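Please consider the following structure with attention to its helix packing and its backbone geometry. The explanation below takes these topics in turn.

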Amino acid sequence: MNRLITRRRLITGLGYTVIAGTAGGLAVSPAFRDLVLKGGETLSYNTHRLVGRDALVREYSEAEMSPDFRTNGSTAGSTDEWLAGRENGFAHWQLGVTGLVAQPAQFSLDALRSMPSRTQITRHDCVEGWSAIGKWTGVPLAEVLDRVQPQPNANYVVFRCADRMGLSLYYESIDMVDAYHPQTILAYGMNDQDLPVGHGAPIRLRVERQLGYKNAKYIMQIELVESLAGIAGGKGGYWEDRGYEWYAGI
Amino acid sequence: MTDSTAQSADRRGDRVYRHSTGTRLWHWTTVGTFVVMLMSGLMIFNAHPRLYWGQYGANPDPAWLEIGNEDRRGYLRVGDLDVTTTGVLGVNNTQDGDLTARAFPWWSTIPSNYDLARARLWHLTFAWVLSLTMAAYLVATVFGRHRRDLLPAKGEARPGHIWQDIKDHARLRFPRGEAAARYNILQKLTYLAVILVLFPGMILTGLTMSPNLNAKLPFLLDLFGGRQSARSLHFIFAFGLVGFVVIHLVMVVLAGPINEVRSMLTGWFRLPREKTK
């Protein structure tokens, strides 16, 4: 019997140790499990930001649109301010843009409509797995940011919303790469009409390279921040605070 | 056959080195990764247990496959076919024994409870392991010696030879002696389909479901005919792999489980002795 430790046996032994160690660690240690799973998310985000930061999503033709675009999540806002706005077509609604900006500003719905607009027919992908194709009209977020001039330490754009899931107000956040992406718009129109209440009136975010839950509805305020740590659960969004990935490009 | 020691050596057959270190490490990594991918994938499917063809597909649109429930009856619908699956699909018991409306039951999913966020973390993390080890294995196979083990040898791909091999398999008549060390033609074709069609198909349809990669790699949408078609194919390829695993395990058992598993662990395979004529 050959009992020599050959290079082949050493590699095999190390390989089996790694496989068994990883499997065992995942099975018994919640901390190790979280470390591995968090590592996967970080790897995916960094890889996605390494390739194709500026790539545009496909825009479809009118013939390819979903005949019936279902609503999802909350189907109306619930704050007093939003409820009052719905009574008069959001005539007095103001979008506040604050935080790490040189020129904080308020935008009425008419002001947003008078800015350069973009219309795009894109696919909405829910984290659950379904997709629907709709036509969105709005002002590019970049146009709004240009008017408020973000400071160099602004790393994230946070959207504060008027809808509640349970007791918590919905909110979301994106990085500056997505914020300045040409297809990232604050949509006030859908399928050639005013944005319906069920889909987020008066405005919702369209961030086309990420899943549905990033596309916040019923937006009341935008805030530029350096870190997401101090906001609500600290993970950058309502669903993120409940375990979903902050980067939802997959 | 009079010498007792020679007889025992003869009965045990010759040992041959059959699987390289790389193949063995890849095999067992893939076993673990596949289990995680499948079970977390079934949990993700539970979030929307309907499949569509085309670019879009949601609740108002017709589904070609659906696992659902009505009046406490679980069902699987494929086209016009409706199969009652209460207890397993659509309506089943949770780990605590409570009746629940869920497509795939707790024992088939990671995590066992309904947790889409967690299932996605498992699935999208281990997708990296699966893709990177698969890519490494494919590169090593194409450029290394393992290619010769998998490609049909001269004359093996003839219909006559394949038919003969099908008949031998049906009669559970497996090769003995030297021939047992090599893959037979059905094995080669199956392994080639798994590593060249099912796994790459699995990975590419998975990438097609990413909205960000759709922007970067728009040809993927054309290759599979849309995101919802890619999602359907992802599911079909997954069950193609489940089918492969079932047949693979049956064949291991029929061919001698201890010898087969040992050879995939240590590399050494004991040749089944030639039958005495």
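The paragraphs that follow treat one helix first and then several backbone features in loops.

The model is a predicted one. A suitable starting point is helix H2 of chain A, which comprises residues 30-50. This helix has 21 residues, and the distance from its first C-alpha to its last is 30 Å. That reach is close to the 30 Å expected at 1.5 Å a residue.

Which residues of H2(A) are buried? They are Leu37(A), Gly40(A), Ser44(A) and His48(A). These buried residues lie on the same side of H2(A), because they cover an arc of only 55 degrees around the axis. The spacing follows a general rule: an α-helix has 3.6 residues a turn, so residues three or four places apart point the same way. The cover over the buried residues of H2(A) includes two helices of chain B, namely H3 (116-143) and H7 (211-216). On the other side of H2(A), the exposed residues are Ala31(A), Asp34(A), Leu35(A), Gly39(A), Asn46(A) and Leu50(A). Just after the helix, Gly52(A) adopts a positive phi of about 65 degrees.

Positive phi values also occur at residues other than glycine. In chain A, Asp192(A) has a phi near 70 degrees. Asp192(A) is located in the loop between strand S7 (185-190) and strand S8 of that chain. Is Asp192(A) buried or exposed? Asp192(A) counts as exposed because it has 9 C-beta neighbours inside 10 Å, and the cut-off for an exposed residue is 12 or fewer.

In chain B, Leu172(B) is not a glycine either, yet its phi is positive, at about 55 degrees. The loop that holds Leu172(B) runs between helix H5 (159-170) and helix H6 (185-208) of chain B. Leu172(B) is exposed, since 9 other C-beta atoms lie within 10 Å.

Cis peptide bonds form the last topic. Where in chain A does Pro202(A) lie? Its place is in the loop between strand S8 (193-194) and strand S9 (204-206). The peptide bond that leads from Ala201(A) to Pro202(A) is cis, and its omega is near 5 degrees. In chain B, the bond from Ile110(B) to Pro111(B) is cis, with an omega near -10 degrees. Pro111(B) is found in the loop between strand S7 (99-102) and helix H3 of chain B. Helix H3 of chain B is also one of the elements that cover the buried residues of H2(A).

How values were computed: Residues numbered from 1 in each chain as written. Chains lettered and ligands numbered in written order. Predicted model: local features only at pLDDT ≥ 70, side-chain atom pairs only at ≥ 80, totals over all residues. Helix = DSSP H or I, 4+ residues; strand = E, 2+ residues; numbered from the N terminus. Expected span 1.5 Å × (residues − 1). Buried ≥ 20, exposed ≤ 12 C-beta atoms within 10 Å, placed from the backbone. Arc of directions from axis to C-beta. Contact = placed C-beta atoms within 7 Å.
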